[in-house]
There are 2 protein chains.
Amino acid sequence: MCGRHQSLLQGKPTARSDTKHAIKHLTCCQRAAIAHQLTNCLTEIFFEDALKRASELDAHLASGNPPLGPLHGVPISLKDTFKVRGYDSSIGLAALCFKPAQENSVLVDCLLRAGAVLYCKTNIPQTLMALDSHNNVFGRTINPLNTAVTAGGSSGGEGALLAMRGSVLGVGTDIGGSIRIPAMCDGTFGIKPSWERIPYAGQEGGALPGLSKIGIPASAGPLAHNMRDLELFFSTVSAQEPWNMDVDVVPLPWKYSPSLQKKLRIGIVRRDGVIDPHPPILRLLDEVKSKLQNSDIQVVEMDITSLFSQCQSLANALFGVEGGNAMFDLLESFNEPLSPWLSTRLKRRKHMDLKQVQQLHGKRDELRKDFLKIWKDEHGEIDAFICPVAPHPVPPIDRFNGVSYTSSFVLMDYPAGVVPVRRFEKRDMQGEMEDKKPLGSWDKANRELWTKFDRSVYLGTPLCVQVVAPKLQEEKLVQAMSAIDDAVKGRGKMNAKL
Amino acid sequence: MCGRHQSLLQGKPTARSDTKHAIKHLTCCQRAAIAHQLTNCLTEIFFEDALKRASELDAHLASGNPPLGPLHGVPISLKDTFKVRGYDSSIGLAALCFKPAQENSVLVDCLLRAGAVLYCKTNIPQTLMALDSHNNVFGRTINPLNTAVTAGGSSGGEGALLAMRGSVLGVGTDIGGSIRIPAMCDGTFGIKPSWERIPYAGQEGGALPGLSKIGIPASAGPLAHNMRDLELFFSTVSAQEPWNMDVDVVPLPWKYSPSLQKKLRIGIVRRDGVIDPHPPILRLLDEVKSKLQNSDIQVVEMDITSLFSQCQSLANALFGVEGGNAMFDLLESFNEPLSPWLSTRLKRRKHMDLKQVQQLHGKRDELRKDFLKIWKDEHGEIDAFICPVAPHPVPPIDRFNGVSYTSSFVLMDYPAGVVPVRRFEKRDMQGEMEDKKPLGSWDKANRELWTKFDRSVYLGTPLCVQVVAPKLQEEKLVQAMSAIDDAVKGRGKMNAKL
């Protein structure tokens, strides 16, 4: 597997270069190869297959056939958890290496039917339970924007590959923030849908079957360079009627039509009550708020701390119902050591008692019910809200602290996405945190990321906001994210109908 | 509670009779009172509230206001599990009596907003885990069509009330067949939707919070006298956007439009491989098949026994993950004895181990995935299929045997409904079961219902078919059930566009 990478990277692609998709792919594979050499973002590399498929797709068009679908010839990268027939989904575990997949993940089939060309899979953290993408099989993925900070995880390979423009559209998965955190760290757009919207079936997660049904299910979703591409992903996958292929997907056709939709009302949520954000993160919210107000968007302040603050511990408990036993079985079957960061944080625990898990689900249902009320205030409906992706800028390697701002919306099953706003500049180094007792251990660690570090490490890293919409209303999320992106870029009302 | 019944039944309603909804309600309450006196189908009775509301609704219209919604003034009956503010939801348990609900179930609010008038709640079995509606608080509900046979359960009060025309539209719940079995026993139409379609939140089930999330969730759904009323229920509830009120409901607007839909392809499933149906049940399928073929409907034989036969034991296991502990706690807190039928069948068990529950969910996911394939054959898509509701006609009291034909579609989360075809006649007493070794203990007991009984007990009882559609495609189910009902009634193509 690893040896093969080298030969592919050094070898010359053999596809004919006189057809447009093949050319595009040659370029795309070359960029991905360069990205990999610089950031170590790839796991499985199948450029030869990709070039062959691109040529076939060109021949298909040349024979006068219509395109296979909206992704005809579009190269798409995939997180290593997705299964592509004939290639490993080792997720960086020795125990799962050299066991090529027998069948494709459902989403892989959807993308192929829509004409996509698959050319590589991307790196993840060992156990998928870390926020830096490092494992013993593929090593560590580097952030191409600033090598001192993390590339994020668990879809960190996707983030780095996209930042290097080695991919135009990548697919990750998210259970605590694993699409949104690399999107933030690498400055891309990304969306974690509600879990029943996009097919997740047939992936490798290192768990035994049924886990998602007793704990919390993860979502699959896209990372891209702009909102148009994210929307293309949703419309294309939905058009494949994935509910006929994955039993967990609900039969919701994609109904995005911004020109038909009413004026947006967007909330601003500043704090989760668990970890106080650093000054530049709060200032960024003000900046975005002011830009939204200059556009045709109504902005309302929301204080949902009393509910938001209950999410993190409940999400953590539900992530851990199984105690990590299946993962530790895999590691121990090959005597594989935990990677350094995980070794001080992760250990095998007894799986929870069923009664306890039932109570957690009861609490979750109650909290989800309470959260329904946040979508309305005395003046009307709130379409979406903005909040931090994390309470800090992109942190140094292995220092990402707390996922309360992202995991909470997995607990709520709300679609949530990341919009990059700008880079961290010198002026962003200003400002001190309020002098008060930390809210808890996570808050304490977070303060240290501001007070005990040379803040210049953050220079040049992306500053992003998170946008959140009600459950299964990804159309609303895309509309809100697009409007926010337009406002931030000063495109204002001009592009509202594009 | 019980004393109040008597006074209401004997007392004279006080509503003005010079307005149309109030009159309708007077009639409806009178019919319900008669139904109750004959079949013991009611639990909570709130005729006075109903007549007051009907008068208010009349006054609302008389003042020139538009109707509140499509149910303006329509009386609707509810299974006792639904909470109506100010009234008990004791579900026939002593421990829950005299504890009036503080708030309405979500569906109750939806119906009220659409203009409905609520006037009574209906009887259920003790523990909700029996198929005859008998409990120590309200006693036994009688089948008005034939007092020797069961009225069914657990929504048995609804079935009997509807059969007596004491209700035009009732709402039940179904986790193993609890809407479809009383619909079959009492000869009404009824639909169990996929669980995320109609709000279920805020009901009393005698369980602790979170149970539905670790086991299998139940569905709420309607019973009525015709398909038009069932469709009205779905369109009206969906128009209330219940996903803003119940976190488990998916935002799927109701899109029923039979005139726009293509020609139907309907499958016939004869056996589940667990219990062989009695001869008249199989003959009924032939009868319906032939009527469909005379209409504009394509019929295909389906043999799905290899999958269908795996459902019953898995569904049973998932129903029992909690071991009935919460229910036994309630019973024992009042030293309440189990009702006779349950006393030989139900006992407190240790709740399952989490690992075991995870495995069951893993198996369920695998089976659901395999079932996806049944919706297509070599000639194309199958829109819905017909199968027995039960492997026997409506059986004598306390003799309903096995729910494999209904519980399987809760396990699969497929919407499934009941269409009454005709009554059991003398000619239906003909025919012997194939002379072979029983498939198991359920099959053995079922054979006895045919061989060891005077079959004349079945005379006059309803013969129905079950119709099943893919997950969350209730529109397809309504279309198929309507077409089958038309074909059976000889309305054929004539009404296809109505």
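This passage looks at how two chains of a predicted model meet, and at one pair of helices in chain B.

A good place to start is the relation between the two copies. In general, two copies of a chain are related by a rotation about an axis and a shift along it. Here, a turn of 180° with a shift of 0.0 Å along the axis lays chain A on chain B, with an RMSD of 0.0 Å. This is therefore the relation of a two-fold axis. Within chain A, A:L354 has the C-alpha nearest the axis, at 2.5 Å from it.

The contact between the chains draws 33 residues from chain A and 33 residues from chain B. On the side of chain A that touches chain B, two or more residues each come from α7 (211–214) and α14 (354–371) of chain A. The largest share of that side, 12 residues, is given by α14(A). By class, the residues of this side of chain A comprise 16 nonpolar, 8 polar and 9 charged. Of the interface residues of chain A, 100% are also interface residues in chain B, so the copies meet through the same surface.

Turning to chain B itself, helix α8 (residues 227–239) and helix α17 (residues 474–488) have axes that come within 10 Å and cross at roughly 170°. The two helices, α8(B) and α17(B), are therefore roughly antiparallel to each other. From α8(B), the contact is made by B:M227, B:L230, B:E231 and B:F234, while α17(B) contributes B:E474, B:V478, B:M481, B:S482 and B:D485. Sorted by class, the contact of α8(B) with α17(B) holds 5 nonpolar, 1 polar and 3 charged residues.

Key. Residues are numbered from 1 along each chain as its sequence is written. Chains are lettered from A and ligands numbered from 1 in the order in which they are written. This is a predicted model: local features need pLDDT of at least 70, side-chain atom pairs count only at pLDDT 80 or more; totals for chains, interfaces and linings use all residues. Two residues are in contact if their C-beta atoms, placed from the backbone, lie within 7 Å. Helices (H or I, at least four residues) and strands (E, at least two) are DSSP runs, numbered from the N terminus. Ala, Val, Leu, Ile, Met, Phe, Trp, Tyr, Cys and Pro count as nonpolar, Asp, Glu, Lys and Arg as charged, and the others, Gly among them, as polar. Axes are lines fitted to C-alpha atoms, for helices over the stretch in contact, and angles run from 0 to 180 degrees between N-to-C directions. Angles under 35 degrees count as roughly parallel, over 145 as roughly antiparallel, 65 to 115 as roughly perpendicular and the rest as oblique. Copies are superposed by least squares on the C-alpha atoms of residues with pLDDT of at least 70 in both.
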